[in-house]
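Colleague: I would like a close look at a single part of this model, the places where aromatic rings meet. Please take it slowly, since I am still learning the vocabulary.

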Amino acid sequence: NPGFMVRITQAGLDYAHLQGITILEKELTHVKLPDISGDFRIRHVGKVHYEFSRLDLRGFHLPYSRISLVPKVGLQVSIASAFADVDGNWRVKIHFLRDHGSFEVSVENVYIKINLKLGNDASGKPTIDTSDCSTRISKVRVRFSGRLGWLYNLFHSAIESRFRKILEGKVCDIVVKSVHSDLQPYVQTLPVTTKIDAVAGVDYSLVAPPTATAQSLDVAMKGECYFLAQRSAVPFAPLALTLPPDHDRMVYFGASSYFFNTASFAYHEAGALVFEITDSMIPKTIDFHLNTTTFSAFVPQLEKMYPDMKMKLRLSAPSAPFLSIGPGGLSLKPVVDIQAYAILPNSSLAPLFLISLVSNVSAVINVKSGHIIGNLTVGRMKLSLKHSDVGTFQV
């Protein structure tokens with residue numbers, strides 16, 4: 001089961017498409033087109049051997065394109081009414097005649113559909129592959145320049161037809177190669193862990209292939225915090241996590257109690273759930289001082305044993321706090337030990353008493369007018385105070 005769930009709807013894909021289309025058009029101009037060569041026959045002329053080299057894609061314009069969902073596969077990238085300009089060099093051999101020069105090609109009404117299959121590998125990194133690709137080009141116009149360019153322009157229709165078929169065959173080859181050699185290696189560089197701070201990190205690797213439906217793309221991630229210095233197995237399993245059947249927003253994000261509890265476990269394992277309070281940390285506006293005189297109201301022996309001495313409180317959790325998330329809200333049962341010390345004149349510490357605090361804390365979280373609001377309830381609190389001289393009593 002995942003600790004994180006991310007849902008991207010069609011509206012989210014549309015927004016990503018709008019943000020990325022300008023970048024895509026710019027990047028397409030850097031695509032390297034392969035040299036093209038071959039033979040074909042022209043009536044009354046005979047066999048023609050051609051070579052097109054140093055092809056330069058000067059512009060690729062995408063007036064209409066879309067990223068859509070393909071159930072059980074992943075994504076489909078569709079491009080319609082695209083057009084491009086290509087420059088290059090040509091070389092032709094007709095019988096004993098040889099010639100060369102430059103050419104310009106205008107490619108119009110290009111239609112491309114590419115299905116991208118999404119998955120994950122053993123390390124939890126995303127994978128991407130092409131499951132289907134089709135191309136159709138309605139119109140190609142070629143203009144030759146050179147010593148005998150006027151001759152080849154006489155039978156340009158045959159050359160244009162041949163060029164169109166060649167490009168239709170090459171586009172999907174280029175797409176598949178680009179996905180394998182560029183896109184897939186790129187997604188393999190995406191990190192699946194990150195540092196939260198100097199103590200802990202979070203693992204958000206994929207635990208299953210992304211699930212595509214007609215309405216959304218759901219991505220299940222590990223969502224596990226861990227101690228950076230020494231990662232150990234978590235002593236509890238993640239619960240099932242599902243998102244509500246909503247698709248109105250662009251992106252939905254869900255986090256289970258597993259994420260919060262692994263964070264609690266990691267920080268407890270690192271010894272980070274220890275906090276110290278001294279009198280200097282108490283605001284001056286509060287008429288309360290952390291010293292033995294104040295606490296003698298609760299433990300009278302303190303004033304006799306350690307008269308008018310400053311104190312220090314050390315708060316620690318003997319076990320990692322465990323959070324539960326249910327239909328009624330959040331529930332937490334923290335156990336906190338509060339060790340009190342007297343600060344002696346030589347700055348050493350003398351242990352005074354230990355307070356063990358066990359409480360039941362619940363919270364209900366809602367959103368109102370765009371703001372997160374909540375109600376916090378402390379249902380039950382059990383306090384145990386232990387001192388070597390006065391014994392133990394509970395409240």
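Is F103 buried or exposed, and what is its relative accessibility?

Modeller: F103 counts as buried, because its relative accessibility is 2% (buried is under 20%, exposed over 50%, partly exposed in between, with a 1.4 Å probe and protein chains only). Please keep in mind that this is a predicted model, in which local features need pLDDT of at least 70 and side-chain atom pairs pLDDT 80 or more, while totals for chains, interfaces and linings use all residues. Residues are numbered from 1 along each chain as its sequence is written, and side-chain values use heavy atoms, without hydrogens or water.

F103 belongs to a wider set, for a search of the whole structure finds eight aromatic pairs (Phe, Tyr or six-membered Trp rings with centres within 6.5 Å; planes under 30 degrees apart are stacked, over 60 edge-to-face, the rest tilted). One of these aromatic pairs joins F103 to F52 in an edge-to-face arrangement, with 5.2 Å from centre to centre and 65 degrees between the planes. Since F52 sits in strand β3 (residues 46-61) and F103 in strand β6 (residues 97-120), this pair ties together parts that are 51 residues apart in sequence (strands are DSSP E runs of at least two residues, numbered from the N terminus). The partner of F103 is likewise hidden, because F52 has 4% relative accessibility and counts as buried.

Now turn to F236 and F322, whose ring centres lie 5.5 Å apart and whose planes meet at 85 degrees, so that this pair is edge-to-face as well. Here both rings come from loops: F236 lies in the loop between β12 (224-227) and β13, and F322 in the loop between β15 (311-316) and β16, so the pair ties together parts that are 86 residues apart in sequence. As for their surroundings, F236 is partly exposed, with a relative accessible area of 22%, and F322 also counts as partly exposed, at 44% relative accessibility. When you look at the two pairs side by side, then, you can set the buried F52 and the buried F103 against the partly exposed F236 and the partly exposed F322.

Finally, the rings do not appear in twos alone, for ring pairs also link F4, F253, F259 and F260 into a cluster.

Note on methods:
Helices (H or I, at least four residues) and strands (E, at least two) are DSSP runs, numbered from the N terminus.
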